[in-house]
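Work through the exercises below with the structure open. Each task is followed by a solution in steps.

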Amino acid sequence: MPAIHFLDDHKILDVLPGTNLRAAALKAGVHLYRPFQRVFHLNINLGALKIPCGSDVVELIDGKGVNARTPDEERLISGRIIKRKVGPQHRLACQVQVNGDVSVRTIPKLELDIDETKRSLGFLAALGIFTALMVLTFAIMALDLIKVL
Ligand code: FES
């Protein structure tokens, strides 16, 4: 039977193979979310539209007994706008299936990836300027149509 060792909470849990790490942590009373995220984390799952919150990041210290991380999971961990550096040990607890012994640190500090953050903010700024120009163009066209100008 696999054991999960929550290092920060000093708890060891024996679980069945294939147990979801998030479910096991919540059942054991282990916090996975920062205080703000405890209230405002939101997973949207509407069939084709899936927007997971990406806020239950954990660090697997000895994580050989778990399923492999997917590229989508890695993207979620790195963040959508503010980018963080992701190591191979970082996982989303809700995506981890425990099949062997594992040691876990909850709420790890992730280092900011300044270059990637600048790139994503630059893209957002360009998108914002483009959108503003399009709105302005359509507004001028609409005013011209109704002969206000
Ligand atoms: S609970 Fe939101 S991504 Fe895991």
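A salt bridge here is a side-chain nitrogen of Lys or Arg within 4 Å of a carboxyl oxygen of Asp or Glu. The model is a predicted one.

**Exercise 1. Count the salt bridges and examine the one formed by arginine 105.**

Solution.
Step 1. Applying the rule gives six salt bridges.
Step 2. Arginine 105 pairs with aspartate 8, and their closest N and O atoms are 3.2 Å apart. The pair counts because this distance is within 4 Å.
Step 3. Place both residues in the chain. Arginine 105 belongs to strand 9 (residues 102-106), while aspartate 8 sits in the loop between strand 1 (3-6) and strand 2 (11-14). The two are 97 residues apart, so the salt bridge links distant parts of the chain.

**Exercise 2. Describe the contact between domain 1 and domain 2.**

Solution.
Step 1. Set the bounds: domain 1 covers 3-112 and domain 2 covers 114-149.
Step 2. Taken over C-alpha atoms, the domain centres are 37 Å apart. Five residues from domain 1 and six residues from domain 2 take part in the contact.
Step 3. Interface size is often expressed as the accessible area lost when the parts come together. For this pair of domains the buried area is about 450 Å², with 68% of it on carbon and sulfur atoms.
Step 4. Find the main contributors on one side. Ile81, Lys83 and Leu112 of domain 1 lose the most area to domain 2, together making up 87% of what that side buries.
Step 5. Check for charge pairs across the contact: there are zero salt bridges between domain 1 and domain 2.

**Exercise 3. Characterise the largest pocket and the second largest pocket by volume and lining.**

Solution.
Step 1. The largest pocket has a volume of about 190 Å³. Its lining has 14 residues, and those closest to the pocket centre are Gly54, Leu76, Gly79, Arg80 and Arg84.
Step 2. Sorted by class, this lining of the largest pocket holds seven nonpolar, four polar and three charged residues.
Step 3. The second largest pocket contains about 160 Å³ of space. Among the residues lining the second largest pocket are Phe36, Phe40, His41 and Cys53.
Step 4. Helix 2 (residues 35-40) gives the most to that lining, with three residues.
Step 5. By class, the second largest pocket is lined by five nonpolar, three polar and no charged residues.

Definitions and conventions:
Residues numbered from 1 in each chain as written. Predicted model: local features only at pLDDT ≥ 70, side-chain atom pairs only at ≥ 80, totals over all residues. Heavy atoms only, no water. 1 Å grid on protein atoms, 1.4 Å probe; cavity = no way out; pocket = protein on both sides within 12 Å on 5 of 7 lines; lining within 4 Å. Points joined across faces, edges and corners; volume = space filled by probe spheres on them. Nonpolar A, V, L, I, M, F, W, Y, C, P; charged D, E, K, R; others polar. Helix = DSSP H or I, 4+ residues; strand = E, 2+ residues; numbered from the N terminus. Domains from an automatic or database assignment. Contact = heavy atoms within 4.5 Å. Buried area = accessible area lost by both parts, 1.4 Å probe.
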